[in-house]
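Me: Could we take a close look at one part of this structure together? I am new to this, so please explain the terms as you go.

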Amino acid sequence: MTSLLEVAGLKVAFNGTTVVDGVSFTLERGECLALVGESGSGKSVTTRTLVGLPGYGARVHTDRLRFDGTDVTGFTDRTWRRVRGARIGFVLQDAMASLDPLRPVGREIAEPLALHTTLNRAARAARVHELLESVGVPEPEVRAAQYPHQLSGGLRQRALIASAIACEPELLLADEPTTALDATVALQVLDLLGSLKGNRSGLLIVSHDLAVVARLADRVAVMKAGRIVELGATDAVLRDPQHPYTKALLAAVPSAHAKGTWLSTVERPAAAAPVSPPAAAQPGRPVLAAVGLRKSFPGPDGVARVAVEDVSLTLRAGETLGIVGESGSGKSTTARLLLGLETPDAGEVHVDGTPWPALTPEQRRAHRRRLQIVYQDPLGSFDPRFTVERVIGEALGAAGHPRGARRERTVELLEMVALDAGHLRRRPLELSGGQRQRVAVARALAAEPEVIVCDEPVSALDVSVQAQILDLLADLQARLGVAYLFISHDLGVVYHASDRVLVMRDGRVLESGDVRTVFTDPQHDYTRELLAAIPRLTPQVAPPATPLGVG
Amino acid sequence: MTALGTTGTRLAVRPTAVAIAKRIGVRLIAGVGVLWGAATLSFIALHVTAGDAALSTVAGQGANPTKEVLDQVRRDLGLDQPLYHQYLDYLGRLLHGDLGRSYQQRISVSQAIGEQLGQTVQLAVAAAVVAVLLAIAAAVLTARRRPWRSIASGVELTLSATPTFVIGIVLLIVFSFTLKVLPVSGNDGPRALILPTLTLALPIGAVLAQVLRSELEEVLEQPFILTARTRGMRDTVVRVRHALRHALVQIVTMSGFVVGGLLGGAVITETLFVRQGVGQLMLSAVTTKDIPMVLGLVVFAAFVYVLVNLLVDIAYTLIDPRLVTR
């Protein structure tokens with residue numbers, strides 16, 4: 001019996017740069033193989049090459065590329081078109097961008113049927129409803145007529161999957177199929193993909209997140225810099241990783257075992273540069289508090305939608321308060337209210353015991369300085385034409401630093417976030433994602449704040465970079481006594497980073513308390529559901545943990 | 001289980017008649033404002049630069065008029081009234097749809113425009129259709145396809161940089177004087193329409209093609225294009241069925257530019273090919289200081305702009321359903 005897919009020595013280059021460098025693997029019928037790697041590892045290009053669409057300007061060389069025993073290396077575009085959509089289905093990341101926003105989803109799903117079957121219009125419509133039903137979309141007749149922007153993320157992704165499996169392909173390729181989704185929804189979509197894989201067909205799933213695919217995959221291939229560095233049965237790879245990179249990846253996942261330990265295996269930040277901790281940083285003193293916050297926004301139909309309802313919290317000096325919730329739960333609105341960027345409809349925000357409205361504009365500015373923010377996407381929060389020096393210099397200026405001493409202080413700040421003076425002249429686009437986030441942290445530190453609001457600070461980062469940033473934040477807190485309000489949809493990250501936690505849903509706080517208590521003994525059903533959706537590395541691995549403070 | 005039907009989902013909101021009517025209503029009010037502004041500005045401009053309108057009115061008859069005759073004419077035309085009076089008079093008549101009487105042609109301005117409109121509309125519509133079709137063909141066929149992309153782009157740059165009359169003269173030399181396949185001038189029959197249409201369409205189409213191609217290339221990078229191709233769809237079909245509609249939004253946005261190009265180009269094209277039409281009318285009205293005619297044409301042109309923008313707004317909602325629910 002031939003393998004469903006055989007790849008040997010696959011190389012892909014763009015403009016002379018090799019992106020995929022000799023990848024080999026096989027996929028059997030009824031099997032699920034996961035291709036795991038960080039951004040730029042070549043996993044997406046590999047997948048696209050498997051349907052003959054490596055991308056514009058790509059040069060492909062392969063020793064062997066067989067699908068169902070047929071050599072596809074010599075396939076013309078015409079021959080490929082008979083395979084794509086019919087025998088190989090493809091599910092891309094983020095259905096919002098992967099479904100044509102100007103067409104109802106039903107027409108998208110019907111497209112492969114029109115291309116590869118002789119079904120007439122009515123039969124295609126019937127099949128579309130059947131497909132939507134089979135991927136768990138309720139009211140398929142209604143949904144088929146809707147546009148992608150009218151569906152929730154989970155329903156959109158299901159619709160995208162329906163369009164990929166419309167012709168019952170033998171091979172399904174899924175490139176980051178759950179990355180854009182909330183944890184609970186991602187779990188449902190993963191289960192759906194697992195259920196679609198029958199005995200006859202194979203599933204190749206691509207992800208940056210080892211923990212996500214571990215749930216589904218029979219075998220795992222770990223990719224780095226265009227090569228597969230480790231390939232084996234999922235259990236074996238998780239239990240006993242052979243390659244140092246796999247070990248580092250596993251250690252970087254901030255799940256329960258790593259709390260209170262360093263996540264990254266890189267050098268610790270340099271020994272403390274002379275820093276003056278904020279004068280008033282006695283632990284335990286409330287620095288930021290909110291009572292009964294409420295905020296609503298007018299919806300597109302003119303009816304007000306409540307974004308935040310009766311939210312109260314207290315953040316004490318030097319501690320980390322986590323806010324966890326899925327998209328639309330009101331986390332970010334809460335942060336904006338706390339920062340005084342929005343005015344609450346009801347309730348009060350107290351900064352150092354004084355409510356915002358009681359302050360004069362002058363005092364407000366002074367208070368704002370004590371509250372800083374780090375966003376998810378640092379690229380979007382920097383002026384692309386500013387150099388790092390100017391980005392931080394501007395923040396120093398706003399904090400009232402004398403112009404003459406700014407350069408010296410900027411270098412000091414960069415050292416605190418483990419960057420050096422060599423980065424001063426770079427622009428945001430010339431920095432990696434992790435470096436950008438370090439600059440964002442340095443900018444926040446420029447004003448010597450007591451509180452830094454971190455709004456999804458590591459969500460856009462690869463897991464190993466995420467680990468470094470989480471370590472950096474922990475290190476800075478230990479040295480400077482700064483308090484964090486840590487907002488994330490990722491429970492693993494929140495658990496790792498926080499002392500206390502608030503669980504939010506639909507604008508309300510469902511549960512709050514010590515992070516260990518909430519996570520080990522959740523009181524609310526929704527919290528339990530969230531916890532169950534955390535992708536777990538099974539079997540539980542215990543990587544060598546470095547206790548905090550060492551190094 | 002989360003309730004799938006409720007997580008962030010809203011039921012389909014179709015482009016309702018109410019929503020569209022509301023949009024149109026707002027645009028109509030704004031359109032009236034634009035018309036008033038256009039009328040006022042051209043009224044001011046003409047009076048600031050005015051020579052003697054009365055003189056130019058009678059001078060047409062080849063006489064050397066006496067002062068009595070000129071005064072008589074001024075009284076008849078209301079030119080002896082103070083300026084604000086003339087202005088209010090003018091606006092008042094405009095409100096009733098009366099564009100005034102031409103000094104030169106001794107008929108009402110509306111009638112003059114009406115007589116010439118047919119020819120110009122024929123030319124403009126033909127040119128607009130040709131320009132858009134050329135642009136779509138050039139963009140769809142050459143976007144991200146080297147070397148065709150560079151060749152087409154070079155031709156477009158040349159065309160859009162060449163003055164309309166030069167294009168017209170070149171076309172005349174090639175097709176009328178050398179090949180002798182098309183008539184040099186005139187208003188009769190579709191054959192006489194071909195060269196003027198091309199003259200008018202080529203520069204406009206060239207600019208549209210450039211915009212459309214760059215937009216198309218951006219859309220072709222989108223994941224949903226890749227998705228469509230992974231379904232086994234042909235590249236060209238993907239371009240037409242998925243990418244083009246997104247790129248067309250840009251063309252619709254540029255319809256103001258197109259209308260402007262058509263109106264301005266019509267003056268030159270009609271003169272060059274000795275065709276009757278609104279362009280010719282405009283030219284002669286300006287050279288003879290036929291103030292009511294110029295004002296009338298300006299208001300008419302503004303009206304066309306307002307109308308086109310209104311249609312554009314409706315077209316947006318038809319192309320992109322997201323605009324209605326937003």
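In which order do the six strands of the open sheet in chain A lie?

Reply: Happy to help! This is a predicted model, where local features need pLDDT of at least 70 and side-chain atom pairs count only at pLDDT 80 or more, while totals for chains, interfaces and linings use all residues. Residues are numbered from 1 along each chain as its sequence is written, and chains are lettered from A and ligands numbered from 1 in the order in which they are written.

The order is β18-β19-β20-β15-β21-β22, with mixed pairing. Strands here are DSSP runs of E with at least two residues, helices are runs of H or I with at least four, and both are numbered from the N terminus. Two strands pair if DSSP finds at least two bridges between them. At the edges stand β18 (371-374) and β22 (508-514) of chain A, each with a single partner strand, so one side of each has no neighbour in the sheet. On average, neighbouring strands of this sheet are turned by 15° against each other, direction ignored; the axes are lines fitted to C-alpha atoms, for helices over the stretch in contact, and angles run from 0 to 180 degrees between N-to-C directions.

Now look at β19 (residues 451-455) and β20 (residues 483-488) of chain A: these strands run parallel and are joined by five bridges. Ile452(A), for instance, has Tyr484(A) in β20(A) as its bridge partner.

Finally, helix α12 (residues 331-338) of chain A lies across β15 (320-324), β19, β20 and β21 (500-505), at about 150° to β20(A). Contact means that the C-beta atoms of two residues, placed from the backbone, lie within 7 Å.
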